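Colleague: Please take a close look at the strand pairing in this model, and then carry on to the charged pairs and the pockets. I would like one connected account rather than a list.

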Amino acid sequence: IDSAKILAFVKNPAKEGRARRFALDLVERIQPGTRKQLFLDSLDDPEFRFEAVGLALEKARAAAKAGNSLIAVNLHRQAFDKSRDIMQARDAAVGLEAGGIKVSVAEHLGFLTDWRLIGPFDSKGQMGPRLSYPPEKNVDPTEELDGQKGKVRWKRFQVKETAPTSRDRHQALVNLADQKALGNADDAVAFAYTEFTVEKAVKAEMRGAADDNFTVWVNGVKVFGFEEWRNGVRHDRHRFPVELKAGKNAVLVKICQSAAPNPEPNWEFILRVVDATGKGIDMK
């Protein structure tokens, strides 16, 4: 078996990821230790990044335990910058905090955390995803609208980022049922609005999920819509391309809530803006 030729295939990021892993397993059986050596140089490899960051974190912890604080900080910084996994980013953030450096995992991974919310509106028997509501036509932060049970207004809501030491599966969950947000509702529709700026026009990707349903507009253009009830929120469940313009970009999200009785009354969503690797884009 020409292991060198197979290893060249493994090292080619243009090849399909699972095939590369299969090939690496074969070379590892022929030449034990190949896998670990490969991972040391794979911090930017889309298929082996997770393992490479894991090794960097191991080395960082070992340096910290040995009292080499400067080396530990540098390795934790490297692991954080290259991480695309929430838990790995948190582990790196913990190591950086031990060295006196505070970072934001949510910002690193592109989560949108500063929102204006309005609702609830009447979903009229779970027809909300197919009905049109005033915010879909125009967003005026000073406007008062007819809601499900009276007048509603836009309110500011800042997501509280999950601590680096937490094992919670979400980093920046927008919980609409929170009393500081909109509170509980049934058979309802809500909207979330935010703006951010980028220095130049860029093609990016949005990743997110909502419970229930998920519709997203960017700069007034509907870029994604998916109707599914009682589906739960999973990290990066939906991914879709977006074209951002230089300067201000406006994002509107529509989230529904199913009718009572509701055995899973979660009303929430997550949304992040990233590059092709899953890192948050440079935005304000």
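Modeller: Two strands are taken to pair here if DSSP finds at least two bridges between them, and the model to which this is applied is a predicted one.

Strand β7, which covers residues 202–211, is a good place to begin, since eight of its ten residues are buried and the strand is mostly covered. Seven bridges join β7 to strand β10 (residues 238–244), and the two run antiparallel; within this pairing, Ala204 stands opposite Val242 of β10. Strand β12 (residues 268–274) is likewise joined to β7 by seven bridges, again in an antiparallel arrangement, and here Ala209 has Ile270 of β12 as its bridge partner. As a general matter, the strands of a sheet pair through backbone hydrogen bonds, in either a parallel or an antiparallel manner.

Charged side chains also deserve attention, beginning with Arg207 and Glu205, which meet in a salt bridge with 2.5 Å from N to O. Both of these residues are buried, which means that each has under 20% relative accessible area. They belong to a network of salt bridges that links Glu205, Arg207, Asp236, Arg239 and Arg272.

Turning to another set of strands, an open sheet of six runs in the order β4-β1-β6-β11-β8-β9, with antiparallel pairing. Its edge strands are β4 and β9 (221–226), each of which pairs on one side only, and neighbouring strands of the sheet are turned against each other by 25° on average, direction ignored. Inside that order, strand β8 (residues 214–218) is joined by four bridges to strand β11 (residues 247–257), the two running antiparallel, and Thr215 stands opposite Lys254 in β11.

A salt bridge also connects strands β4 and β1: Asp114 forms it with Arg156, the closest N and O atoms being 2.8 Å apart. Asp114 lies in β1 (residues 114–122) and Arg156 in β4 (residues 155–158), 42 residues apart, so this pair links distant parts of the chain. Asp114 counts as partly exposed because its relative accessible area is 28%, whereas Arg156 counts as exposed because its value is 53%.

A search of the whole structure finds 20 salt bridges, and one that lies between helices is formed by Asp25 and Arg35, at 2.7 Å from N to O. Asp25 belongs to helix α2 (residues 17–30) and Arg35 to helix α3 (residues 34–40), ten residues apart. Asp25 is partly exposed because its relative accessibility is 38%, and Arg35 is partly exposed because its relative accessibility is 28%.

Strands β1, β4 and β6 return in the account of the pockets. The largest pocket has a volume of about 530 Å³ and is lined by 25 residues, of which Leu112, Thr113, Phe196, Met283 and Lys284 lie nearest its centre. The elements giving two or more residues to this lining are α7 (105–108), β1, β4 and β6 (188–198), and the largest share, four residues, comes from β6. By class, this lining has nine nonpolar, seven polar and nine charged residues.

The second largest pocket holds about 210 Å³ of space, and the residues that line it include Arg21, Glu47, Arg84, Asp85 and Thr277. Helix α4 (residues 49–65) gives the most to this lining, with three residues, and the residues of the lining divide into two nonpolar, two polar and six charged.

Terms used. Residues numbered from 1 in each chain as written. Predicted model: local features only at pLDDT ≥ 70, side-chain atom pairs only at ≥ 80, totals over all residues. Heavy atoms only, no water. Salt bridge = Lys/Arg side-chain N within 4 Å of Asp/Glu carboxyl O. Buried < 20%, exposed > 50% of the residue type's maximum accessible area, 1.4 Å probe, protein only. Axes fitted to C-alpha atoms, helices over the stretch in contact; angles between N-to-C directions. 1 Å grid on protein atoms, 1.4 Å probe; cavity = no way out; pocket = protein on both sides within 12 Å on 5 of 7 lines; lining within 4 Å. Points joined across faces, edges and corners; volume = space filled by probe spheres on them. Nonpolar A, V, L, I, M, F, W, Y, C, P; charged D, E, K, R; others polar.
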